[in-house]
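Thanks for coming. I will keep this short and go through one structure piece by piece.

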Amino acid sequence: MTEGNGYKGYGPYYNEPVYENKALNRHQFDGSENTEWDDINVVWSEGSLGAAAAWIRGGSPEKGLEIIRNMTEMSVDGGLVYSSVNLPYLFSDYPSVAGTAWFIIACELYSDPDKLFWSE
């Protein structure tokens, strides 16, 4: 897990450039054309809550609940922000349907890990 702008969760991707285009990477990151996802502190609500669901379904509900609790800090205007930072063309720090939907899925799985939220 990582921390970014006061949030704690999972970041997107691993060991690859934030922007594949080196000129765009240079422009966004003060001249560095090799900035990778691991070099920046970004928390991604959708991915973090997908991980929470996986932890719950995998038999570690307390680990999933820890992530869910961390993600509540990303709540704003009735939803969860998509990302802890705004990265033009990739991730925004605005409320998102995706992060909010995964929050509901993870919470439902935590309440009953053997029942998917859409089943009867």
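**A salt bridge in a helix**

Glu66 and Lys63 form a salt bridge, with their closest N and O atoms 3.9 Å apart. Please keep in mind that this is a predicted model. Both residues belong to helix H3, which covers residues 61-71, and they are three residues apart, about one turn of the helix. In general, an α-helix has 3.6 residues a turn, so residues three or four places apart point the same way.

How exposed are the two partners? Glu66 is partly exposed, at a relative accessible area of 34%. Lys63 is partly exposed too, at 25%.

H3 also has buried residues, namely Gly64, Leu65, Ile67, Ile68, Asn70 and Met71. What do they pack against? The list is strand S2 (7-9), helix H2 (45-57), strands S3 and S4, and helix H4 (97-111).

Next, the other salt bridge. How many are there in the whole structure? A search finds two. Besides the pair in H3, Glu33 meets Arg26 through their side chains, at 2.6 Å from N to O. Glu33 has a relative accessible area of 29%, which makes it partly exposed. Arg26 is partly exposed as well, with 36% relative accessibility.

Now to the sheet. S3 and S4, which I named as packing partners of H3, belong to an open sheet of three strands, in the order S3-S4-S5, with antiparallel pairing. Why do S3 and S5 each have one side without a neighbour in the sheet? Strand S3 (75-76) and strand S5 (95-96) stand at the edges and each has a single partner strand, so one side of each is left free of a neighbour there. As general background, strands of a sheet pair through backbone hydrogen bonds, either parallel or antiparallel.

Between S3 and S4, which is residues 79-81, there are two bridges, and the two strands run antiparallel. In this pairing, Ser75 is opposite Leu80 of S4.

Last, one residue from a loop. Where is Ser84? It sits in the loop between S4 and S5. Is Ser84 buried or exposed? Its relative accessibility is 5%, and the cut-off for buried is under 20%, so Ser84 counts as buried. The side chain of Ser84 reaches the backbone nitrogen of Val43 at 2.7 Å. Setting aside neighbours within four places in sequence, Ser84 is in contact with Gly4, Asn5, Tyr7, Asn41, Val42, Val43 and Met74. Val43 therefore appears in both the contact list and the 2.7 Å approach of the Ser84 side chain.

That is what I have for today.

Conventions
Residues numbered from 1 in each chain as written. Predicted model: local features only at pLDDT ≥ 70, side-chain atom pairs only at ≥ 80, totals over all residues. Heavy atoms only, no water. Pairing = 2+ DSSP bridges. Helix = DSSP H or I, 4+ residues; strand = E, 2+ residues; numbered from the N terminus. Salt bridge = Lys/Arg side-chain N within 4 Å of Asp/Glu carboxyl O. Buried < 20%, exposed > 50% of the residue type's maximum accessible area, 1.4 Å probe, protein only. Contact = heavy atoms within 4.5 Å. Polar contact = N/O pair within 3.5 Å; in protein donor to acceptor, adjacent residues only side chain to side chain.
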